[in-house]
Amino acid sequence: MFVLKYILKGPYHAFRTPESRELLKLFRKYGDVKRYEAREVTFQGMTFQVPDCMSFLFQFQEIFVEQFYKFNTNSAKPVILDCGANIGSSCAFFKREYPNAQITAFEADAKIAKILQSNLSKNGFSDVEVINKAVWIDDEGIEFASEGSDGASIYGEGEKVKVASFRLKDVLDKTPSVDMLKMDIEGAETAVLKDCANSLKQVKNIFIEYHAFPEQAQELGEILNILAKNGFRYFINSAQDRSKPLVNHRYKGNDLMDLQLNIFGYRP
């Protein structure tokens, strides 16, 4: 179903770039792999340990085909804060696009952080700083549930464990310039952005994956207001589209969230 939707997005969409053609090849090879069955995957001349092939395929589409994280910069050494770095796909993209980038990669899940470190090291990206802590509003730790791939969340189902955390606001206040702030932190983004509302002046580009959970208030308006007050223009697209949204209040196959959006912020 995924590959069919991808092909039908537009004329020649699936064949228009080398990356889109590679995605089709990856899907043919790994699309039928059982969920959460680890594989070693070769792509873009790199080899990654991948804990869940389906999640990786979606990552590859967004990161390497659609290039969600590409930004303009005049800096020879752009500063990038990768919050929710997962297994390192985003870090690899950043290092390919900006070889001298100074990247700090934050990953809360200890098992995934080990894979992240290994993937970066064996593919020649050993200068990326990896921090195994959750992005949060304080440094007192936080409880979250891990589902074994890229969906660890404070609102996740299943047994929760307490992990170390750090306050993003403190990092931003100590960093004179941030060329790219990427936030894919599975539901913690609203609280973190509200905490950082007065600490975004030095951020030039921002990506936020916004999640809304039925039992929580939807605070998209507040996030957009924070971006606007900090001088950002923004663009939004849906990460999980659905038909008849006034009837279908949740995504098929994902009962946890009722809204997931990609928010891109940039300075004009």
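# A chat about helices, salt bridges and loops

Guide: In this predicted model, the residues S89, S90, C91, A92, F93, F94 and K95 of helix α4 are buried.

Visitor: How many of the residues of α4 are buried, then, and where does that leave the helix?

Guide: Seven of the nine residues of α4 are buried, so the helix is largely enclosed by the rest of the structure.

Visitor: What do those buried residues pack against?

Guide: The buried residues of α4 pack against the strands β2, β3, β4 and β10, where β10 covers residues 180–183, and also against the helices α3 and α5.

Visitor: You listed C91 there, so which relative accessibility does C91 have?

Guide: C91 counts as buried because its relative accessibility is 0%, and another cysteine, C53, is buried as well, with a relative accessible area of 1%.

Visitor: And how many disulfides are there?

Guide: The count of disulfides comes to zero.

Visitor: Let's go to α5. How many residues does it have, and how far does it reach?

Guide: Helix α5 runs over residues 110–122, which gives it 13 residues, and from its first C-alpha to its last it reaches 19 Å, close to the 18 Å expected at 1.5 Å a residue.

Visitor: Which residues of α5 are buried?

Guide: The buried residues in α5 are I112, A113, I115, L116, N119 and L120. Around the axis they cover an arc of only 160°, which puts them on the same side of α5.

Visitor: Why would residues a few places apart point the same way?

Guide: An α-helix has 3.6 residues a turn, so residues three or four places apart point the same way.

Visitor: What about the other side of α5, is it exposed or buried at K111 and K114?

Guide: K111 and K114 are exposed, and they lie on the other side of α5.

Visitor: And what does the buried side pack against?

Guide: The buried residues of α5 pack against helix α4 and against the strands β2 (46–50), β4 (102–106) and β5 (129–131).

Visitor: What is there at the ends of α5? Start with the N-terminal one: which residue caps it?

Guide: The N-terminal end of α5 is capped by D109, which has a side-chain oxygen 3.0 Å from the backbone nitrogen of K111. After α5 comes G124, a residue whose phi is positive, near 85°.

Visitor: Which residues have a positive phi although they are not glycine?

Guide: Most residues other than glycine have a negative phi. Among those with a positive phi here are E186, at about 50°, and K244, at about 45°.

Visitor: Where are those two, and are they buried or exposed?

Guide: E186 is placed in the loop between β10 and α7, and it counts as buried because its relative accessibility is 13%. K244 is found in the loop between β12 and β13, and it counts as exposed, because its relative accessibility is 56%.

Visitor: H249 is in that part of the chain too. What is H249 in contact with?

Guide: H249 also has its place in the loop between β12 (233–238) and β13 (259–266). Leaving aside its neighbours within four places in sequence, H249 is in contact with R242 and D258, while a polar atom of the H249 side chain lies 2.8 Å from the backbone oxygen of L246.

Visitor: Changing topic, how many salt bridges are there?

Guide: The count of salt bridges comes to ten. One of them joins E97 and K70, with the closest N and O atoms 2.7 Å apart. That pair links distant parts of the chain, since E97 is in helix α4 and K70 is in the loop between α3 and β3, 27 residues apart.

Visitor: What about D195, which residue does it meet?

Guide: The side chain of D195 meets that of R167 in a salt bridge, at 2.9 Å from N to O. D195 lies in helix α7 and R167 in strand β9, so the pair ties together parts that are 28 residues apart in sequence.

Visitor: Which residue forms a salt bridge with K194?

Guide: K194 forms a salt bridge with E219, and their closest N and O atoms are 3.0 Å apart. Here too distant parts of the chain are linked, with K194 in helix α7 and E219 in the loop between β11 and α8, 25 residues apart. Salt bridges that share partners also join R167, D170 and D195 into one network.

Technical notes:
Residues numbered from 1 in each chain as written. Predicted model: local features only at pLDDT ≥ 70, side-chain atom pairs only at ≥ 80, totals over all residues. Heavy atoms only, no water. Disulfide = S-S within 2.5 Å. Buried < 20%, exposed > 50% of the residue type's maximum accessible area, 1.4 Å probe, protein only. Salt bridge = Lys/Arg side-chain N within 4 Å of Asp/Glu carboxyl O. Helix = DSSP H or I, 4+ residues; strand = E, 2+ residues; numbered from the N terminus. Expected span 1.5 Å × (residues − 1). Arc of directions from axis to C-beta. Contact = heavy atoms within 4.5 Å. Polar contact = N/O pair within 3.5 Å; in protein donor to acceptor, adjacent residues only side chain to side chain.
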